[in-house]
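Colleague: I would like to learn how to read a protein model step by step, beginning with a general idea and then looking at the case in front of us. Could we go through it together?

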Amino acid sequence: MAFLTLEITILSAENLCVNKKPVKKNSFVVVKVDPSNFKSTRAESEGGCSPSWNQKLVMAMPMEARFITLQVLSKAGSAKRVIGSVNVPVSDFFGSHNTAEDYAHLLSYRLKNEKCDKTGVINVSIKVSDEGRHLNKLRPCSPSSKPVVGLAVGEKKGCDGGVVTGIPVWCASRA
């Protein structure tokens, strides 16, 4: 399985609330690539409802991943409470033909709780690092390449103006 290295900097959050009441302290962020691959920031004790972590997390992400999850929690003693979460599509920070390598994407997302109530905004920077590409030089596939990511959704053969829907296919090659 091919992997990419992500540098995810959890910058800050704004207007964090639980049950429409501002969060007072001890909020932190858990980043999940999958259920067994996750990392968290330290708890921010001074930021209140607008904490600032500015903490970088480096993680491996399978090239097949379609999203990563950002989950903001607060803790009081040993109890942890979910403030809100968001699924970040991988396409928001990887796969653009116009993006230079090691480009830091500055992104903001609305957080929602399990009832879909708005619970704040999280600000992050995500960069696909060169570290993870030493085995995974990505380029569009040629007919002789072996694709590692991609799926043809539907197609219509011939030149009659039919519509083709697909997902870009990328290939890995060793440098």
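Modeller: Let us begin with one term that we shall need, for a residue is called buried when its relative accessible area is under 20%, exposed when that area is over 50%, and partly exposed in between. Please keep in mind throughout that this is a predicted model.

Colleague: With that term in hand, which side chains along β9 are buried and which are not?

Modeller: The side chains of β9 alternate, with H105, L107, Y109 and L111 pointing to one face, where they are buried, while L106, S108, R110 and K112 point to the other face and are not buried.

Colleague: How do β9 and β10 pair, and how many residues lie between them in the hairpin?

Modeller: The two strands, β9 and β10, run in the antiparallel sense and pair over eight bridges, and one example is L106, whose bridge partner in β10 is S125. The hairpin that they form has five residues between the strands, and C116, in the turn, has a positive phi of about 70°. C116 is also exposed, with a relative accessible area of 56%.

Colleague: Stepping back to the whole chain, how many helices and how many strands does the secondary structure come to?

Modeller: The protein chain has zero helices and 13 strands. Of its 175 residues, 39% are buried, and its accessible surface comes to about 10,500 Å², with 52% of that belonging to carbon and sulfur atoms. If we take the contacts between residues at least 6 apart in sequence, 62% of them join residues at least 24 apart.

Colleague: What should I expect of nonpolar side chains, and which residues have the most contacts inside the largest nonpolar core?

Modeller: The general idea is that, in soluble globular proteins, nonpolar side chains tend to be buried together. Here the largest nonpolar core has 34 residues, and those with the most contacts inside it are I10, V31, M61, I68, F93 and I122. The elements that give two or more residues to this core are β1, β4, β6, β7, β8, β9 and β10, and the largest share, five residues, comes from β1. To see one of these core residues in detail, look at I122, which, leaving aside neighbours within four places in sequence, is in contact with residues including I10, V29, L70, V72, V86, L107 and Y109.

Colleague: Where is Q71 placed, and is Q71 buried or exposed?

Modeller: Q71 is in strand β7, and with a relative accessible area of 17% it counts as buried. Q71 and V29 are 42 residues apart in sequence, yet their C-alpha atoms are 5.6 Å apart in space. Not counting residues up to four places away in sequence, Q71 touches F28, V29, V30, K32, V82, G84 and S85.

Colleague: Now for charged side chains: how many salt bridges does the structure hold?

Modeller: The general idea is that side chains of opposite charge can pair when their charged atoms come close. This structure holds two salt bridges. In one of them E7 is paired with K56, with the closest N and O atoms 3.9 Å apart; E7 lies in strand β1 and K56 in strand β6, so the pair ties together parts that are 49 residues apart in sequence. In the other, K127 meets E7 at 3.5 Å, N to O; K127 lies in strand β10 and E7 in strand β1, so this pair ties together parts that are 120 residues apart in sequence. E7, K56 and K127 are thus linked in a network of salt bridges. E7 counts as buried at 11% relative accessibility, whereas K127 is partly exposed at 23%.

Colleague: Finally, how many disulfides does the structure hold, and which cysteine sulfur is nearest to that of C49?

Modeller: The structure holds zero disulfides. For C49 the nearest cysteine sulfur is that of C17, 8.6 Å away, and a disulfide needs the two sulfur atoms within 2.5 Å, so C49 is in none. C49 counts as partly exposed, at 27% relative accessibility.

Methods:
Residues numbered from 1 in each chain as written. Predicted model: local features only at pLDDT ≥ 70, side-chain atom pairs only at ≥ 80, totals over all residues. Heavy atoms only, no water. Salt bridge = Lys/Arg side-chain N within 4 Å of Asp/Glu carboxyl O. Helix = DSSP H or I, 4+ residues; strand = E, 2+ residues; numbered from the N terminus. Buried < 20%, exposed > 50% of the residue type's maximum accessible area, 1.4 Å probe, protein only. Core = buried A, V, L, I, M, F, W, Y, C linked by side-chain atoms within 4.5 Å. Contact = heavy atoms within 4.5 Å. Areas by Shrake-Rupley, 256 points an atom, 1.4 Å probe, with all protein chains shown as cover. Pairing = 2+ DSSP bridges.
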